[in-house]
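The following exercises concern the interior of a protein model. Please examine the sequence and the structure before reading the solutions.

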Amino acid sequence: MVAHLLSLRWRVLLNGFKRSTWQIVAAVIGGLYGLGVLAAVVVGLVALSFAPERWAWTAGVLGGSLAVVGWIVVPFVARGYDQTLSVSKLRPFPLPADRLLVALFVTGLLGIPGIVTLVAALATTFSWLHHPLSAVLAPFCGVLGVFVCVAASRAVETATSALGAKRRYRELMSVAIFVPLILAGPLIGLVGQGLSSVGDDLPRVAHALSWSPLGAAWSIPGDVALGRPGEAALKALIALVTLGVLLLLWRRGLATALVAPPAVTATAASKGLGPFARFPATPTGAVAARTAVYWLRDPRYGGSLIVVPLMPVLAIFLSFSLETTWPLYAIGPAVAALLAITLAADVSYDGTAFAAHLSTGLAGAADRAGRVLTLSLFAVPSVVLATLVPLAVVGRFDVAPALLGIGLGLLLTGFGVSSVASALYLMPVPAAGESPFKSPPGANVTSTLGLYASWAIVFVLSLPELVLGVVALVQGSVLLGLVTLVVGVVLGLVLAIVGIRRGGRLLDARGPELLTRLRRARGA
């Protein structure tokens, strides 16, 4: 059974590459990048053999503890990315809990993350080349540490499997995992500054972690090299007890999950017509209400906008780093640029539900206008607030007209461009119910290039207000800033109306073709 599940796991992984040539290319590039990082880690561990033993011990304990935390946290927040051997899928089969535990442990150990962690753990041997006894113990302790990683990950994942069955939890975790990725630059900068100031405290942190389940296994070779055999023995006991407790907790959680009935999410009671009661009873209003429901309930829409509230955080970090307030001025235009082409993926998010638009004979212009109306209800206030609030903080309302002209011009122009773009090509997006950040199968470079081309067209069409706004900011001219605001709003509105009409005509002509491609993409 262990061999069979392991072969299934690798077969699913390899079959995923057959869907698209570009997925193979991306996998090769990602694999080469991962091998490069792994090689750098190995080189660093070899270099530690020439450093003082205390340095090698500190690096080993901190790195190993971080690996254990990563194995626990990443599957916890990224639940739903890989459910090949989830307990919910294996529950219908009569599998004994003990044998399934062994199977899942081996598949976790011999998966790509497990192999990478195991190679890095075995490479810690190179840090103790000048200490024969530590070099002999290092691979065994490394394997023990990897066992703790896998057991901790599986135990936490099994214990929280009930949460994973809830849609809202999956949606929140899918969005939550993206926040640290966006803030990776500022976080790395802050950590680097912190390490430079608390470098002397790292050994004390490592000492505390070495007596915890996180770092006990990784501390043993260094303790032996530093002449602390008694501490090494106690920490070996801590690591073994930790592994035993984790396996026991995992075994109990697995036995419970295998017999627990599938979770059923209760359907919320209807509370009126929702957005349909607030929009006019016209074709445009119906489309606006329908898309409003999606914006409120579909995490793929909200997930695509998670970067918007994080823009001020990035701007504040840049302001402190560069010691200038100019990044604060750019928040409004940056938010506008991000929201400008949001509608380019709207039809793709509809999926086969787009058939409802075609079957009712809905005019293409009404479809385009309804989608623009819904997005503008929060996009326009967002751009205005993102522009004015930072200016209120720095006390520079004299530049507000120029920045508002740039931001609103980009946004309105983007409405028109994306109204045309979404009628010309389909964006590769996750299916309904999937993580908003999941890479969809069959994603092709042509669609991605189409998105960037749309973005470029937005900036080209917005050149009048961009040039006027930059000149107004450089010269400090309020009058020229007011001209920029008028030009941005008027020209943006004209381009938005032209885009809605042009996109509507394209949708009338190409609607059945788009629906066919949507059905093919969803396998319908």
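The exercises below treat a predicted model, and each is followed by its solution.

**Exercise 1.** Determine which residues of the largest nonpolar core touch the most other members, and which elements give two or more residues to this core.

*Solution.* The core comprises 37 residues, of which Val-335, Leu-339, Leu-411 and Phe-415 touch the most other members. Two or more residues come from each of H17 (307-322), H19 (331-340), H22 (364-394), H23 (400-424), H24 (445-461) and H26 (478-522), every one a helix. H23 supplies the largest share, eight residues.

**Exercise 2.** Identify the residues in contact with Leu-411, leaving aside its neighbours within four places in sequence.

*Solution.* The contacts of Leu-411 are Ala-336, Leu-339, Ala-340, Ala-379, Val-380 and Val-383. Another core, of 26 residues, lies apart from the largest one; Val-146, Cys-149, Val-150 and Ala-152 are among its members.

**Exercise 3.** Classify Cys-141 and Cys-149 as buried or exposed, and state how many disulfides the structure holds.

*Solution.* Buried means under 20% relative accessible area. Cys-141 has 8% relative accessibility and therefore counts as buried. Cys-149, at 0%, is therefore buried as well. The structure holds zero disulfides.

**Exercise 4.** Compare the expected span of helix H15 with the distance between its end C-alpha atoms, and list its buried residues.

*Solution.* Helix H15 covers residues 283-297, which is 15 residues. The expected span is 1.5 Å times one less than the number of residues. For H15 this gives 21 Å, and the end C-alpha atoms are 21 Å apart, so the two values agree. Its buried residues are Gly-285, Val-287, Ala-288, Ala-289, Arg-290, Thr-291, Ala-292, Val-293 and Trp-295.

Methods:
Residues numbered from 1 in each chain as written. Predicted model: local features only at pLDDT ≥ 70, side-chain atom pairs only at ≥ 80, totals over all residues. Heavy atoms only, no water. Core = buried A, V, L, I, M, F, W, Y, C linked by side-chain atoms within 4.5 Å. Buried < 20%, exposed > 50% of the residue type's maximum accessible area, 1.4 Å probe, protein only. Helix = DSSP H or I, 4+ residues; strand = E, 2+ residues; numbered from the N terminus. Contact = heavy atoms within 4.5 Å. Disulfide = S-S within 2.5 Å.
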